[in-house]
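Me: I am new to this structure and should like a close look at a single part of it. Please choose one helix and describe how it sits among its surroundings.

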Amino acid sequence: MSKDSAARRAIANRLWEATHNDALTGLCNRQHFQDLFRKALTQAHYAGRRLAFLLMDLDNFKDVNSTLGHQAGDAILIETAENIRTLLSANDTISRFGGDEFALLLSDHTREDEIKLVADQLLSVAAASVPRLSPKLRSSASLGVSLFPDHGSDVGELIQNAELALYRAKAGGRGRAEVFKPQMRAAVTERLNQMSTFRALLETGSITPYYQPQVRLTDRRSHGFEALARWILPNGDVLLPGDFRAALEDPDAAILLGEHMLRCVTDDLRRWRETGMPACKVSINATAPELKRGDYPEKIASVLSRKGVPPRLLTIEITETVLLDEDVLQLEKTLRDLKDLGVSIALDDFGTGFATLTHLRSHPIDQIKIDRSFISELTSNDDDNAIVRAMLSLARSLGIETVAEGLENEAQLRCLQMLGCEYAQGFYFGRAIPADEAEAYFRAHRAYRKANLAHFRIGAA
Ligand code: C2E
Ligand code: CA
Ligand code: CA
């Protein structure tokens, strides 16, 4: 062979590589895989053979990229690709299908029990590479399967059905494999309908924040509010979050609601400032899906600066269960970024989860909100009384503010005052009210700043 033709052949090879293979992992790319899939389908059709299409997606890969960096993300993809390769036989085809998605076509193992075995092996090799690179991060993958000819006769249909099965696997808790079933399509359509109804409710303002006063116990003055979502029906009836819990349990809906509440609350804070209302703090409830996305602090920063609302007026309430999430690194970064912005962080429903002293010390928590279940029998149950006393003394020694939730009567109020709890909210002071009523309430009941109060006390003495 002449030098020229060898060089031409090398260039042709490289070109072929570049157009058919993924540069990072060396696996075939999506386009090439689909061509091979089409050919395999035709052959299987004439030979009367079965095929299995597997679609695997790494869970929370976005978090890996944002906490460990893109280089680490690339290393994980390369290692995962290599590990998958070692599991497959010569007749199987594997592809990097998208960012963190791998597709496999099995022609030798197409019985359900065989597929299950391969799927389990795939899930465990995919989960193995992240912790090796970063022992603190736990990772997993999810997998959707469709079969030829049972679930479709062309490439498009088989891919779509594997995507539905993958979606089901993710929704069912991730780290698992699901084989397509026809009813999955109906379930997804149903969910999309619900989501668009929910989106419309947010867009038309039917869901809106109401404000429950938070009161300083030394002088019973209000220093702010907790914003609670309310759904206003056309006939004027007001529904509570318990009435639309199904929506709140859906991670995408929870994110939409969170964004909507943040927008409404910062609009109200801006309006109150513009009308000359004295500075008032507002707490909003954040959910795990919002905090997990990694962009929560940016979102908060941008909406606050757009509306000219000082960050110190906003408190983000998170629940203990969020702290127990496996993705510790990501959460720590999110909370630190929020603190750096100047917003406060409150630990909601304190005492009902499994948060420990370590959590309070290792996260930048400004405030604990003692759960209503400890307050309701505070004056009659010695155990509850002892627990609240211990919580208050723990918070005091850590320099953390205390808010009692669900305060309903004068006896509880006096008891909390005696125990040195700083703030409380509850029906005794008032239920959540619309923004305009909240403004009037705050003007009438606002707390003076500590300096003024000291002055007032000296003057009164
Ligand atoms: P939460 O964050 O613990 O909010 C306090 C709940 O206790 C509110 O119920 C409030 O109305 C109720 N409450 C306040 N004082 C008393 C009292 O003295 N006695 C009794 N029995 N209840 C009292 P609500 O508004 O029904 O909210 C229930 C839960 O729904 C909230 O619990 C919170 O977890 C969630 N939620 C409310 N608004 C939002 C929101 O905008 N976003 C998210 N993600 N969750 C929200
Ligand atoms: Ca709350
Ligand atoms: Ca609470």
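Reply: The following account concerns helix α11 and then turns briefly to a sheet elsewhere in the chain. The model is a predicted one.

Helix α11 covers residues 296–307, which makes 12 residues. At 1.5 Å a residue, a helix of this length should span 16 Å, and the C-alpha atoms at the ends of α11 lie 17 Å apart, so the expected and computed values agree.

The buried residues of α11 are Y296, P297, I300, V303, L304 and K307. When the helix is viewed down its axis, these buried residues fall within an arc of 140°, and they therefore line one face of α11. On the other side of the helix, E298, S305 and R306 are exposed.

Several elements contribute to covering the buried residues of α11. Among them are the helices α9 (251–274), α10 (288–292) and α13 (328–341), together with the strands β9 (281–285) and β10 (314–319). After α11 comes G308, which has a positive phi, near 65°.

As for the sheet, five strands form an open arrangement in the order β2-β3-β1-β4-β5, and their pairing is mixed. Its edge strands, β2 (93–98) and β5 (177–179), each pair on one side only. On average, neighbouring strands of this sheet are turned by 20° against each other, direction ignored. Helix α2 (residues 30–47) packs on the sheet and touches β1, β2, β3 and β4 (141–148), its direction making about 140° with that of β2. Within the sheet, β1 (residues 51–58) and β3 (residues 101–106) pair in the antiparallel sense over 6 bridges.

Conventions. Residues are numbered from 1 along each chain as its sequence is written. Chains are lettered from A and ligands numbered from 1 in the order in which they are written. This is a predicted model: local features need pLDDT of at least 70, side-chain atom pairs count only at pLDDT 80 or more; totals for chains, interfaces and linings use all residues. Side-chain values use heavy atoms; hydrogens and water are left out. Helices (H or I, at least four residues) and strands (E, at least two) are DSSP runs, numbered from the N terminus. The expected span of a helix is 1.5 Å times one less than its number of residues. Buried means under 20% relative accessible area, exposed over 50%, partly exposed in between (1.4 Å probe, protein chains only). The arc is that of the directions from the helix axis to the C-beta atoms. Contact means heavy atoms within 4.5 Å. Two strands pair if DSSP finds at least two bridges between them. Axes are lines fitted to C-alpha atoms, for helices over the stretch in contact, and angles run from 0 to 180 degrees between N-to-C directions.
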